[in-house]
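Biologist: Could you walk me through how to read a model with two chains? I would like the general idea each time, and then the case at hand.

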Protein chains: 2
Amino acid sequence: MRNLLMRVSYDGTDYNGFQTQPGGHTIQDYLEDAIHRLSGEQLKIIASGRTDAGVHARAQVFNFYTASPIPLERWCMALNTWLPEDIVVSDAMEVPMEFHSRHAAKRKTYRYTINANQHPDLFNRRYQIHHYGQLDIPAMEQGLRHLIGTYDYTTFASRKSTKSSHVRTIFDAWFERDTSMCRPGTRDQGVIHTYLSGNGFLQHMVRIIMGTLIEVGEGKRHPDDMKIILEAKNRAAAGPTAMGKGLMLWEVEYDITGNENPLQEF
Amino acid sequence: MRNLLMRVSYDGTDYNGFQTQPGGHTIQDYLEDAIHRLSGEQLKIIASGRTDAGVHARAQVFNFYTASPIPLERWCMALNTWLPEDIVVSDAMEVPMEFHSRHAAKRKTYRYTINANQHPDLFNRRYQIHHYGQLDIPAMEQGLRHLIGTYDYTTFASRKSTKSSHVRTIFDAWFERDTSMCRPGTRDQGVIHTYLSGNGFLQHMVRIIMGTLIEVGEGKRHPDDMKIILEAKNRAAAGPTAMGKGLMLWEVEYDITGNENPLQEF
């Protein structure tokens, strides 16, 4: 028996989220089905966490136990032949038997993308929201800084959250602005990628943070209100849940080797 | 009556090409339908040229005559509200009545994209082909150079071409290599964009050139064979027609103002 760790990317547009559920058609279902076709084993994979319907992953991570003799280096290509073209497994490694993708995750990074140009970018339409009208981006950056640290993020959690604690740590949060599509002489503001990196995120947390930050960008809220909103520990204090299509699980980091590098990327 | 010139982008994946045809569901049909809904006019647009089924456009150009009083600056946003999300009109200008998008086009540039990394890039899967195995990229560059100039490109035209002359001029052709997705320690070769810029292209011309160049990259043909293949003036001398999904109409240039800049971009 071996414990295999794999990295998978997916376009979540046409799926009911990552995790198996009664309605079917989830990323997990397709991965487990591909493993079954390949190795004959009916098993359950363990992921670093779930993603909602319509949310994407550049690098989701999962592990599973297999008795298959298939060599490590052949797994990715072989699984991809059984997977639909919007799910791609790109890396595989063998890890200690006790390794658990969710428990061992030290750091997760999400990216949320807002196109603030006048016209939508149709070639990336599945992976970004389009925002009409001007956004005060420095105000959004100022608002976002209030969320970095260790806090009870109840304000930014779905009311359906069943977690016993809503305390999490956001290590860092930053903006990247891509102005390559901006046309001179227009009010195009570029494509704004917001990265949030923390030890874990509650259900809808990134999307509710983004929905609230967009209201800051629109001038409906003051950037320093983010502190008050956070301290309210009340979902009603925040803005709407931004659309899932703008969200992408960007990276999951582990301390696999136990060496000096505490957040070695898998 | 005014003559309006517009730029349109589209994802050709789900359409039967640009130009109206009996089966319907073409880009032209949707554009004319949006104009009809907006202005009440049933008219025919004139495009810089057609694109095949599955081929995309970053910047296709078309013009039409309208009696509508809708101000110039309102056309794009208004048309986009009637267009599906994979067709976006992004610029509009008024041009002299005698201006004709096809006749006046001085230069067209196409881009063809090959992903030569080990794994497909699922987020760009509609806009690139994925090539398994190593490609000799310097050999492809050497082969491509033989096609720059003014030649009879019969070898690289669809047998269905009905043009009276197959003489065209390719002004320039070049590669751009994006290695941002390459993973260290792998045989990933990056994403290879091939640009071809000329005064006009025959049916399937870019795709047949690319299908032949890929054979050069695979070592099946010598780069200098491209010269012999071109001179054969025979479709059978060339390689296969590369898939339409990798092709994008990148730019169409006009000399609208007649000023010193002979290829002013619209």
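Modeller: We will go from the interface to a helix, some loops and a strand, and then to salt bridges.

Modeller: First, the ground rules: this is a predicted model, where local features need pLDDT of at least 70 and side-chain atom pairs count only at pLDDT 80 or more, while totals for chains, interfaces and linings use all residues. Residues are numbered from 1 along each chain as its sequence is written, chains are lettered from A and ligands numbered from 1 in the order in which they are written, and side-chain values use heavy atoms, with hydrogens and water left out.

Biologist: Thanks! How many residues of chain B are in contact with chain A, and what is the area buried between them?

Modeller: The size of an interface is often given as the accessible area lost when the parts come together. Buried area here is that loss, taken with a 1.4 Å probe and summed over both parts. Between chain B and chain A it is about 2000 Å², and carbon and sulfur atoms give 62% of it. In chain B, Leu122(B), Phe123(B) and Arg125(B) lose the most area to chain A, together 33% of what that side buries. As for contact (heavy atoms within 4.5 Å), 28 residues of chain B meet 28 residues of chain A.

Biologist: Which elements of chain B supply the side that touches chain A?

Modeller: Polar contacts are a good way in: pairs of N or O atoms within 3.5 Å where, within protein, one must be able to donate a hydrogen and the other to accept it, and residues adjacent in sequence count only if both atoms are side-chain atoms. Nine residue pairs are in polar contact between chain B and chain A, both residues at pLDDT 80 or more. At least two residues each come from β1 (2-10), β3 (56-66), α2 (75-82) and β4 (87-95) of chain B; helices (H or I, at least four residues) and strands (E, at least two) are DSSP runs numbered from the N terminus. The largest share, five residues, comes from β4(B). By type, the touching side of chain B has 13 nonpolar, six polar and nine charged residues. In that split, Ala, Val, Leu, Ile, Met, Phe, Trp, Tyr, Cys and Pro count as nonpolar, Asp, Glu, Lys and Arg as charged, and the others, Gly among them, as polar.

Biologist: Now a helix. Why does the span of α4 of chain B agree with what it should be?

Modeller: The expected span is 1.5 Å times one less than the number of residues. Helix α4 of chain B (residues 205-217) has 13 residues and should span 18 Å, and its end C-alpha atoms are indeed 18 Å apart. For cover, buried means under 20% relative accessible area, exposed over 50%, and partly exposed in between (1.4 Å probe, protein chains only). In α4(B), 13 of its 13 residues are buried. Just after α4(B), Gly219(B) takes a positive phi of about 85°.

Biologist: Which residues other than glycine have a positive phi?

Modeller: Among them are His204(B), near 70°, and Lys233(B), near 50°. His204(B) is in the loop between β9 (191-198) and α4 of chain B. Lys233(B) is in the loop between α5 (225-232) and β10 (247-254) of chain B and is partly exposed at 47%.

Biologist: And is Asn63(B) buried or exposed?

Modeller: Asn63(B), in strand β3 of chain B, is buried, with 0% relative accessibility. Its side chain makes a polar contact of 3.0 Å with that of Asn3(B), and a polar atom of the Asn63(B) side chain lies 3.3 Å from the backbone oxygen of Phe99(B).

Biologist: Finally, how many salt bridges are there between chain B and chain A?

Modeller: A salt bridge is a side-chain nitrogen of Lys or Arg within 4 Å of a carboxyl oxygen of Asp or Glu. The whole structure has 28 over all chains, and six lie between chain B and chain A. One of them joins Glu85(A) to Arg125(B), with the closest N and O atoms 3.6 Å apart. That pair runs from the loop between α2 (75-82) and β4 (87-95) of chain A to the loop between β5 and β6 of chain B. Glu85(A) is exposed at 53%, whereas Arg125(B) is buried at 11%. Arg125(A) also bridges to Glu85(B), again with 3.6 Å between the closest N and O atoms.

Methods. Buried area = accessible area lost by both parts, 1.4 Å probe.
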